[in-house]
Amino acid sequence: MQRVYGAQNEMCLATQQLSKQLLAYEKQNFALGKGDEEVISTLHYFSKVVDELNVLHTELAKQLADTMVLPIIQFREKDLTEVSTLKDLFGLASHEHDLSMAKYSRLPKKKENEKVKTEVGKEVAAARRKQHLSSLQYYCALNALQYRKRMAMMEPMIGFAHGQINFFKKGAEMFSKHMDSFLSSVADMVQSIQVELEAEAEKMRVSQQEFLSVDESVYTPDSDVAAPQINRNLIQKAGYLNLRNKTGLVTTTWERLYFFTQGGNLMCQPRGAVAGGLIQDLDNCSVMAVDCEDRRYCFQITTPNGKSGIILQAESRKENEEWICAINNISRQIYLTDNPEAVAIKLNQTALQAVTPITSFGKKQESSCPSQNLKNSEMENENDKIVPKATASLPEAEELIAPGTPIQFDIVLPATEFLDQNRGSRRTNPFGETEDESFPEAEDSLLQQMFIVRFLGSMAVKTDSTTEVIYEAMRQVLAARAIHNIFRMTESHLMVTSQSLRLIDPQTQVSRANFELTSVTQFAAHQENKRLVGFVIRIPESTGEESLSTYIFESNSEGEKICYAINLGKEIIAVQKDPEALAQLMLSIPLTNDGKYVLLNDQPDDNDGNPSEHRGAESEA
């Protein structure tokens, strides 16, 4: 248009180029593009008019300067510049918000300073408020641009067409009859766009006022730390998290990224990227809260084979627990069901209802698995084939476990030191570690079987006469974990020998606990969740009496395999005094190269994905 105004001697060429530019308007790259179809079709028609008037333009300096060049210059210098400026301001506000969030994320958890925390919280709230306001202004400018960009082309063309008709009589004779109605319709269209722009501007002004009237506490992170409203039924989740990256042997960095779940995958989308990338497969994984570098609200995702996955940090307790619940729901593959939301609600309601005492148990299906009542099996007479009669009714929950019995969720065993003192062994290491020489029976044991397990909990019980006490303990431990949001589990290697059960630290190979196999009076796997297994231990007290405790574990393999190994070990103990019976029993078990008897079942790998050193002979067998 400036070429039409400034180059009167080249008017023919200028108007010809203008016609081409009008046709190319639809290819312009605006921030948002919608609702331009009518404008584009109108510009196509104007392009034809310009071609026809190309030979008639001579002098339009003043009229073109007032009606054609000025509006488009205002659009370029005012409207487009305003959008660019607001975009830069929004970028600065976002950067300030990132800096304040990074400062808030570095607040220590152990030595918490309320004054510093309050100041940092106010700084985060102010940064968020500033970012929110700048984003709203930028958004309003973008919306207004969608209307102004259409008017910016309509008004100059109306002035240009009127100037041509009024200036040239020939042009008036050629086009006035059919151009008047067309220009009138274009003017009406511009007026309607102006009305829409004013309505949109008023709507956004009201929205800004509503946002500015909101209490600042909604912008403060972790504002409802006392009683957050947590949704435990989520099957998808999205939001910003801090990702822990290792930069050296002992150094780490934290990066704030946008994470979201998609099906059974955890995705991450960096800033500026058009799509997210896969970070972690969540199917059958485990997630737990962890303490990491004195940062609050951290959790770790572990792969199904036991390898440590990624460590993430949420900005609040609510976000932390909702991410853990969502990943737990996804790991169960609830999203594959027809109605995943209903399934998630049902599972969480079942966990909440599980703390209510029950009066009966489902009868366990009869099978040949070793997770049965040991006392009943000892009552069988092989010669007469006499099987004891089943009990008429199953015991009540109160008869198995006393109401209100505390549950221990870590592997610390207070009674272990007392047992070692009564046996007259050497002094207990104050750091809880046991030297390898303390368990010489592992070298001479006829049975040596390794399982990867995670300790869920233990509690005192009143009886060991039935496996129902183990099922009730499983129910109460899992229910308590669900109610109290306890997701952390201690992973160990469970070594089953013909003399004892040993819990070994997978990293240091130090024994955490040791149970004599003769003290195991009951053991069983869960009837539905085959990975759950438990056993009852009879422990002597200092008063001369005995106490009963149940230990519950989750294994990587089927719990029946662990029960089978324990049962085989007890059978070996039972027939050790009878050489012929012992030889007959050993003939049914494969022998390794170093003379150890093992079970040839599927063995899980250790945390590094390689077979454990305790299984070297098994691999060769």
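This briefing walks through helix packing, two groups of paired strands and an aromatic pair in the structure above. Please keep in mind that this is a predicted model. Two helices, helix 4 and helix 5, pack with their axes 8 Å apart, and seven strands build an open sheet with antiparallel pairing. A search of the whole structure also turns up eleven aromatic pairs.

**Helix 4 and helix 5**

- Two packed helices are described by the angle between their axes and the distance between the axes.
- Here, helix 4 covers residues 61–105 and helix 5 covers residues 114–167, and the two pack at an angle of about 165° with 8 Å between their axes.
- Because angles over 145 degrees count as roughly antiparallel, helix 4 is roughly antiparallel to helix 5.
- The crossing of helix 4 and helix 5 is left-handed.
- If you look at which residues make up the contact of helix 4 with helix 5, you will find 24 nonpolar, 13 polar and eleven charged.

**The seven-stranded sheet**

- Strands of a sheet pair through backbone hydrogen bonds, either parallel or antiparallel.
- In this open sheet the pairing is antiparallel, and the seven strands follow the order 11-10-9-8-14-13-12.
- Strand 11 (511–516) and strand 12 (520–525) stand at the edges with a single partner strand each, so one side of each has no neighbour in the sheet.
- On average, neighbouring strands of this sheet are turned by 30° against each other, direction ignored.
- Within the sheet, strand 8 (residues 448–461) and strand 9 (residues 490–497) pair in the antiparallel sense over eight bridges.
- To find your way along this pairing, look for Arg454, which stands opposite Glu491 in strand 9.

**Helices against the sheet**

- Helix 13 (residues 468–483) lies across strand 8, strand 12, strand 13 (532–540) and strand 14 (546–555).
- Relative to strand 8, helix 13 runs at about 80°.
- Helix 14 (residues 559–575) packs on the sheet as well, touching strand 8, strand 9, strand 10 (500–504), strand 12, strand 13 and strand 14.
- The direction of helix 14 makes about 155° with that of strand 12.

**Strands 1, 2, 3 and 7**

- Strand 1 (residues 238–246) and strand 2 (residues 252–262) pair in the antiparallel sense over nine bridges, and a hairpin of five residues joins strand 1 to strand 2.
- Two handy landmarks mark this pairing: Tyr240 stands opposite Tyr258 in strand 2, and Asn245 stands opposite Thr253 in strand 2.
- Strand 2 also pairs with strand 3 (residues 265–269) in the antiparallel sense, over five bridges.
- Gln262 has Asn265 in strand 3 as its bridge partner.
- The hairpin of strand 2 and strand 3 has two residues between the strands, and Gly263 takes a positive phi near 65° there.
- Strand 1 is joined by two bridges to strand 7 (residues 308–313), and these two strands run antiparallel.
- Along that pairing, Asn242 stands opposite Gln313 in strand 7.

**An aromatic pair between two helices**

- Among the eleven aromatic pairs, Tyr45 and Phe182 form one that is tilted, with 4.4 Å centre to centre and 50° between the planes.
- This pair links distant parts of the chain: Tyr45 sits in helix 3 (residues 37–52) and Phe182 in helix 6 (residues 169–212), 137 residues apart.

Notes: Residues are numbered from 1 along each chain as its sequence is written. This is a predicted model: local features need pLDDT of at least 70, side-chain atom pairs count only at pLDDT 80 or more; totals for chains, interfaces and linings use all residues. Side-chain values use heavy atoms; hydrogens and water are left out. Axes are lines fitted to C-alpha atoms, for helices over the stretch in contact, and angles run from 0 to 180 degrees between N-to-C directions. Helices (H or I, at least four residues) and strands (E, at least two) are DSSP runs, numbered from the N terminus. Angles under 35 degrees count as roughly parallel, over 145 as roughly antiparallel, 65 to 115 as roughly perpendicular and the rest as oblique. A crossing is left-handed if the near helix is turned anticlockwise from the far one by less than a right angle, and right-handed if clockwise. Ala, Val, Leu, Ile, Met, Phe, Trp, Tyr, Cys and Pro count as nonpolar, Asp, Glu, Lys and Arg as charged, and the others, Gly among them, as polar. Two strands pair if DSSP finds at least two bridges between them. Contact means heavy atoms within 4.5 Å. Rings of Phe, Tyr and Trp (its six-membered ring) pair if their centres lie within 6.5 Å; planes under 30 degrees apart count as stacked, over 60 as edge-to-face and the rest as tilted.
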